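Thank you all for making time this morning. I would like to walk through one structure slowly, element by element, so please have the picture open while I talk.

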Amino acid sequence: MISRNDPCWCNSGKKFKKCHYPALPEKDKNKTYLTNYGIIIKSQKQIAGIKKACKTASIILDKLVKKATKGITTLELDEYAKKLHKDMDAVAAPYKYGNPPFPKSICTSLNEVICHGIPDNIPLKEGDIMNIDVTSIVDGFYGDTSRMVVIGKTTEAKQKLVDVTYECLNESIKILKPRIKIFQIGDIIEEIAQKNHFSVVDQFVGHGVGVFFHEPPQIPHNKNNLQIPLIPGMTFTIEPMINMGKKEAVIDQNDQWTARTVDNLPSAQAEHTILITEDSYEILTQYP
Ligand code: MF3
Ligand code: CO
Ligand code: CO
């Protein structure tokens, strides 16, 4: 019996699995992904719904980013996010999510906050860098995206952190297509961060998204060993958190959500929801 890793019988010199190995019919493959990994491969109908949720989230995020200027509080941004969701017949997924229930509609992660920052009444000031993270539910489907805002002019070091974070996200997206393995995403991100003497947070990961807020698989942003190949119909986020100093995160003991850098040095993050297509990818949360 010829096995998957043997040389192919046709003398191509390739492995059997890369050559004449019979491909599973798509339906069987999708079922395998669900049973083996818990990954929901989306139908055309689900993809249409997820696209709408992602578009809504990106529009809302764009409006929030434009409103985030010197003097405004993150609580005011949260109020605005609530109104925007209502106006667009959408629901903000963070509100009451998890345990303890997240108290607000968006995450606002300022300076040394890595992620899951809770909007409060402190006004934004010159030089702040902040991630705004929006997850919208539309007709039951989820779209998840985040961006950085820089208030006025910041230091060269903080600006570089923001720029490198976007580079990490964008370069890791560019390689996506069916058969690429999940570990390759973290490889690229960690390489770019290291080259710039920054560190990559490993306590939070990207994730499948669309039918639920957080679905399998996990998408680590660090070097890892996840061999799962991407296939068409997968929808997931990539959301690297890049630190100026140490990679470790500490969760606030009082609110149980706010994740800060252990050394209180700045952190930056950016996030997109991605669809794997027949031969490539689509960014579903592209900025409008
Ligand atoms: N939007 C975050 C993510 O990218 C999750 C926030 S959970 C919350 O996965 F409860 F804080 F909203
Ligand atoms: Co996410
Ligand atoms: Co998010």
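Let me begin with a small piece of sheet, where strand S10, residues 241-243, pairs with S13 in the antiparallel sense through three bridges. If you look for Asn243, you will find that its bridge partner in S13 is Ser267. Please keep in mind throughout that this is a predicted model. The two strands belong to an open sheet of three strands, ordered S6-S10-S13 and paired antiparallel. Its edge strands are S6, residues 199-200, and S13, residues 267-269, and each of these pairs on one side only.

A second open sheet, again with three strands, has the order S3-S12-S11 and antiparallel pairing. Strand S3, at 113-115, and strand S11, at 249-251, stand at the edges with a single partner strand each, so one side of each has no neighbour in the sheet. From one strand to the next, the twist averages 45 degrees. Between S11 and strand S12, which covers residues 259-261, there are three bridges in the antiparallel sense, and Ala249 has Thr261 in S12 as its bridge partner.

Just along the chain is Asn264, which lies in the loop between S12 and S13. Its phi is near 60 degrees, a positive value in a residue other than glycine. To see why that deserves a remark, recall that most residues other than glycine have a negative phi. Asn264 counts as partly exposed, because it has 13 C-beta neighbours inside 10 Å.

Now let us turn to strand S4, and here I would ask: which strands pair with S4, and in what sense? Strand S1, residues 91-92, pairs with S4 in the antiparallel sense over two bridges, and Ala92 has Ser136 in S4 as its bridge partner. Strand S2, residues 107-110, also runs antiparallel to S4 and is joined to it by four bridges, with Ser109 standing opposite Asn131. Strand S5, residues 141-150, pairs with S4 over ten bridges, once more in the antiparallel sense, and Ile137 has Tyr142 in S5 as its bridge partner. S4 and S5 form a hairpin with two residues between them, and Asp139 in that turn has a positive phi of about 50 degrees. Is S4, then, largely enclosed or left open? Nine of its ten residues, 129-138, are buried, so S4 is largely enclosed by the rest of the structure.

The loop between S1 and S2 repays some patience. Lys96 has its place there, and although Lys96 is not a glycine, its phi is positive, at about 65 degrees. With 13 other C-beta atoms within 10 Å, Lys96 is partly exposed. Pro100 lies in that loop as well, and the peptide bond leading from Asn99 to Pro100 is cis, with omega near 0 degrees. Another cis peptide bond, with omega about 5 degrees, joins Pro216 and Pro217, and Pro217 has its place in strand S8, residues 215-219.

Next come the helices, where we can make a check on length. Helix H1, residues 26-37, has twelve residues that should span 16 Å at 1.5 Å a residue, and its end C-alpha atoms are 16 Å apart, which agrees. After H1 comes Gly38, whose phi is positive, near 75 degrees. For helix H4, residues 156-174, the 19 residues should span 27 Å, and the end C-alpha atoms are indeed 27 Å apart. Several residues of H4 are buried, among them Leu161, Val164, Thr165 and Cys168. Seen down the axis of H4, the buried residues fall within an arc of 165 degrees, so they line one face of the helix. The face turned away from that buried side carries the exposed residues Glu156 and Lys174.

Two more helices give us distances to think about. Ala57 sits in helix H2, residues 44-67, and is buried, with 30 other C-beta atoms within 10 Å. Ala57 and Leu161 are 104 residues apart in sequence and 24 Å apart in space, C-alpha to C-alpha. Asp187, in helix H5, residues 183-195, lies 36 residues from Lys223 in sequence and 4.9 Å from it in space, C-alpha to C-alpha.

Finally, which residues come nearest to ligand 1? Of the 13 residues around ligand 1, they are Pro94, Tyr97, Phe102, His116 and Asp133. By class, this shell has five nonpolar, four polar and four charged residues.

How values were computed. Residues numbered from 1 in each chain as written. Chains lettered and ligands numbered in written order. Predicted model: local features only at pLDDT ≥ 70, side-chain atom pairs only at ≥ 80, totals over all residues. Near = placed C-beta within 6 Å. Nonpolar A, V, L, I, M, F, W, Y, C, P; charged D, E, K, R; others polar. Buried ≥ 20, exposed ≤ 12 C-beta atoms within 10 Å, placed from the backbone. Pairing = 2+ DSSP bridges. Expected span 1.5 Å × (residues − 1). Arc of directions from axis to C-beta. Axes fitted to C-alpha atoms, helices over the stretch in contact; angles between N-to-C directions.
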